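Here's a structure to read together, feature by feature. Have a look at it first, then we'll talk.

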Amino acid sequence: MRSIIDKLKNENNLSDNEYLKLITEDIDIQYLYNSADEVRQKYYGKKVFLRGLIEISNYCKNDCLYCGIRKSNKYAQRYRLSKEDIYACCDNGYELGFRTFVLQGGEDAYYTDDVMCEIIKEIKHRYPQCAITLSLGERSYDSYKKMFDAGADRYLLRHETSEEEHYAKLHPENMSLAKRKECLFNLKEIGYQTGSGFMVGSPYQKPENLVSDIRFLQKLKPDMIGIGPFIRHKDTPFANFESGTCEMTLRMLSVLRLTFPKVLLPATTALGTIHPQGRELGLKAGANVVMPNLSPVKSRKLYDLYDNKICTGEEAAECRGCLERRVKSVGYEIVSERGDAIK
Ligand code: SAH
């Protein structure tokens, strides 16, 4: 098994069968993590990049079956942040050393192109040296273009799963994988640093799906890949499904690091939610980004994508400090930089 890991490390690619083996078989897992960590350190040293996550709204017109803020969850208490709320989060974040702000939300019609462009311009006016990442779901080419021209630098849109059949089991009929993919290629064409990704252990996911996810990412060539375990939410149709595991997520992080040596790879909040040291373990398995929460404390519990989400009770400064300690505890160091991908 070590030979497959070495091959992936040297060639950044494997056959479908070899990937399947790495994903499913009883391998020398520590060797996999260490190999991924070596590659990560070759390109990024001990640096960990910070992204300040601002959850701007939990209104959503979509009805993704896994997601706690889906339209038909009538128990979700809805909120949206005003422009001033968002600027206040950025002001606070800048003071705390953040140089990237991620504006994420459900697909909320309140945030028209005009509203978004005004917000983007104001943040860029206040903090020209900071990067703005958007994560607002599917929008038209024109919409993406306008927001890019207004100053947005990056966009995160996970493809969630890259096989039609599986996609259809996770999403309502009016959503399509073809549309998702089109959005992702549009984002790249416009010039965004683009992030995609998927959930690990989502309902009905087969190991073969994960190989397809890698193949799709090889076509897309994203700058960032966000993955985290699926975690069930009690008020969704998937309430009774098992959540993904920490082990499989770590394994996939390492496989992704070895396949995409320079990619930006976050140790996600979902990983920290299923295991108390999930994010630290993620960093040791190849991840090089953390995304502490910068949202106002009053809305954090409401951005309820999955059960028991961590970091919903603290101020941004506490989150920042907590992560700083966690990152240090495994020998890495948070840096106050924009943290663009190495080309
Ligand atoms: N509306 C935006 C932001 C979605 S939330 C968009 O469509 O891109 C960000 C990510 O959270 C999603 O892409 C999904 O992969 C993840 N997510 C949603 N529900 C989840 C759950 N139950 N468990 C784990 N991750 C989840």
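What follows is a conversation between a learner and a teacher about helices, a ligand site and some loop residues.

Q: Before we start, what kind of model is this, and how are the residues numbered?

A: This is a predicted model, in which local features need pLDDT of at least 70 and side-chain atom pairs count only at pLDDT 80 or more, while totals for chains, interfaces and linings use all residues. Residues are numbered from 1 along each chain as its sequence is written, and side-chain values use heavy atoms, with hydrogens and water left out.

Q: Let's take a helix. How many residues does α3 have, and what span is expected?

A: Helices here are DSSP runs of H or I with at least four residues, strands are runs of E with at least two, and both are numbered from the N terminus. The expected span of a helix is 1.5 Å times one less than its number of residues. Helix α3 covers residues 29-44, so to speak 16 residues. From first C-alpha to last, α3 reaches 22 Å, close to the 22 Å expected.Q: Which residues of α3 are buried, and what do they pack against?

A: Buried means under 20% relative accessible area, exposed over 50%, and partly exposed in between (1.4 Å probe, protein chains only). In α3 the buried residues are I29, L32, Y33, S35, A36, D37, V39, R40 and Y44. They pack against α1 (2-11), β1 (47-50), α10 (246-259) and α12, and contact means heavy atoms within 4.5 Å.

Q: Where does A285 lie, and is it buried or exposed?

A: A285 is in the loop between α12 (278-284) and β8 (289-290). It counts as buried because its relative accessibility is 1%. Leaving aside neighbours within four places in sequence, A285 is in contact with Y33, A36, L250, L253 and S254. Two of those names, Y33 and A36, should ring a bell from the buried list of α3. A285 and R257 are 28 residues apart in sequence, with 8.3 Å between their C-alpha atoms.

Q: Now α5. How many residues does α5 have, and which of them are buried?

A: Helix α5 (residues 113-126) has 14 residues, and its first and last C-alpha atoms are 20 Å apart, close to the 20 Å expected. D113, V115, M116, C117, I119, I120, I123 and K124 are buried. Those residues pack against β2 (52-57), α4 (83-95), β3 (100-105), β4 (131-135) and α6 (141-149).

Q: Which residues does K146 contact, leaving aside its neighbours within four places in sequence?

A: K146 is in contact with D113 and C117, both on the buried list of α5. K146 itself is found in helix α6. It counts as partly exposed because its relative accessibility is 45%. Along the chain K146 and I190 are 44 residues apart, and their C-alpha atoms are separated by 9.8 Å.

Q: On to the ligand. How many residues surround it, and which are the closest?

A: A residue is near a molecule if one of its heavy atoms lies within 4 Å of it. Here 18 residues surround the ligand, and the closest are Y66, G105, R158, E160 and I231. The shell divides into 10 nonpolar, 5 polar and 3 charged residues. For those classes, Ala, Val, Leu, Ile, Met, Phe, Trp, Tyr, Cys and Pro count as nonpolar, Asp, Glu, Lys and Arg as charged, and the others, Gly among them, as polar.

Q: What polar contacts does the ligand make with Y66, E160 and I231?

A: A polar contact is a pair of N or O atoms within 3.5 Å; within protein, one must be able to donate a hydrogen and the other to accept it, and residues adjacent in sequence count only if both atoms are side-chain atoms. A ligand nitrogen is 2.9 Å from a polar backbone atom of Y66. A ligand oxygen is 2.5 Å from an N or O atom in the side chain of E160. A ligand nitrogen is also 2.7 Å from a polar backbone atom of I231. The protein covers 91% of the 560 Å² of accessible area that the ligand has on its own, with areas from the Shrake-Rupley method and a 1.4 Å probe; for residues, only the protein chains shown count as cover.

Q: How do I read a positive phi, and where is K221?

A: Most residues other than glycine have a negative phi. K221 has a positive phi of about 50° although it is not a glycine. K221 sits in the loop between α9 and β7 (224-229), and it counts as exposed because its relative accessibility is 55%. N308, in the loop between α13 and α14, has a positive phi near 60° and is not a glycine either. At 68% relative accessibility, N308 counts as exposed.

Q: Where does S202 lie, and which residues does it contact?

A: S202 lies in the loop between β6 (193-200) and α9 (207-220). With a relative accessible area of 3%, S202 is buried. Apart from neighbours within four places in sequence, S202 is in contact with H166, L170 and F230.
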